[in-house]
Amino acid sequence: RMWPRSKAGIPMGWCRACGYKWFPKSDVKPNPERIEQWRLEQLATEQKNLAETEQAIKILTDEHRWKYYYETLDREDAAKDAWVATGITYPIYWFNWLLGYDHAHRFWYDSGEGWKEHVTDTMTIPVRNLEGCVINIKHKLITPQPDGTKYRMEYRTHTEPLFIANIEDDKPQYTSTLILIEGEKKAGVVYQTLDMDIQVVGLPKNPSIAMLEGLAEKCKRVFQIIDPDIANDDLQRHKEV
């Protein structure tokens, strides 16, 4: 893999197979013993993550927690006003997407001086996999954490979450046209505004190639709307290269 600009601010190359690293003025040859140790550590991490994922999704499915959050939204005007303010204005979409609201949700975060509790109202969005199964619940924090965090997940599931706008009975309706957008709320607003027989999917910030390929296989035409800040960063990198 090659990075025109790595985290260190310089070009870098790295071989996934043997661990060789290249820099403009030096290189680092792999140590077979360290590579094997790294491989075993990665395998142990993957197995641990898989077990955590299966347990978290089981709890999530058994609880149907997103329904509780939707019921809060359905009966409280303040919660409805919060969603209207995002641009998702029609209750039919709140129901279809099972959007919700929660009062005094408790989160824990690392303050740098130990773990601390943060309590805030949240707006909730069930997120899914490609097949439409709910795999997590994303919380938009009405009051961000002191460290600036605005979004948190209900559980740690080690899975890539999608927001699928065109869905019926928990089944995604993949049409000939697909629009990809970063973020759930923006995807919802686009789908509501266009009001067409299309599929709109809200992506996580850094979607994997496997996820993008899986989506592309389901449609004939794919359009991606990139956030301005990301587009500007990519343009700047291209100029530097």
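The protein has seven helices and 14 strands, and the model showing them is a predicted one. Of its 241 residues, 33% count as buried. The accessible surface adds up to about 15200 Å², with 53% of that belonging to carbon and sulfur atoms. As for contacts between residues at least 6 apart in sequence, 50% join residues at least 24 apart.

Now for the aromatic rings. The structure holds seven aromatic pairs. In one of these, tyrosine 93 meets tyrosine 191 edge-to-face, with 6.2 Å from centre to centre and 85° between the planes. Tyrosine 93 sits in helix 4 and tyrosine 191 in helix 5 (residues 184–194), so this pair ties together parts that are 98 residues apart in sequence. Tyrosine 93 has a relative accessible area of 13%, and because buried means under 20%, it counts as buried. Tyrosine 191 is buried too, at 14%.

Another edge-to-face pair is tryptophan 97 with phenylalanine 163, at 5.1 Å centre to centre and 75° between the planes. Here helix 4, home of tryptophan 97, gets tied to strand 9 (residues 163–164), home of phenylalanine 163, across 66 residues of sequence. Both tryptophan 97 and phenylalanine 163 are buried.

Ring pairs link these four residues and Tyr90 into a cluster. Tyrosine 90 lies in the loop between helix 3 (77–85) and helix 4 (91–97), and it is partly exposed, at 48% relative accessibility. Together with Ile92 and Phe95, Tyr90 makes a nonpolar surface patch of about 340 Å².

Elsewhere, tyrosine 151 has lysine 138 over its face, 4.8 Å from the ring centre. Lysine 140 also lies over the face of tyrosine 151, at 6.0 Å from the ring centre.

How values were computed. Residues numbered from 1 in each chain as written. Predicted model: local features only at pLDDT ≥ 70, side-chain atom pairs only at ≥ 80, totals over all residues. Heavy atoms only, no water. Patch = residues over 30% accessible without salt bridge, like charges linked within 9 Å, V, L, I, M, F, W, Y side chains within 5 Å. Areas by Shrake-Rupley, 256 points an atom, 1.4 Å probe, with all protein chains shown as cover. Salt bridge = Lys/Arg side-chain N within 4 Å of Asp/Glu carboxyl O. Helix = DSSP H or I, 4+ residues; strand = E, 2+ residues; numbered from the N terminus. Buried < 20%, exposed > 50% of the residue type's maximum accessible area, 1.4 Å probe, protein only. Contact = heavy atoms within 4.5 Å. Phe/Tyr/Trp six-rings, centres within 6.5 Å; stacked < 30°, edge-to-face > 60°. Lys NZ or Arg CZ within 6 Å of the ring centre and 35° of its normal.
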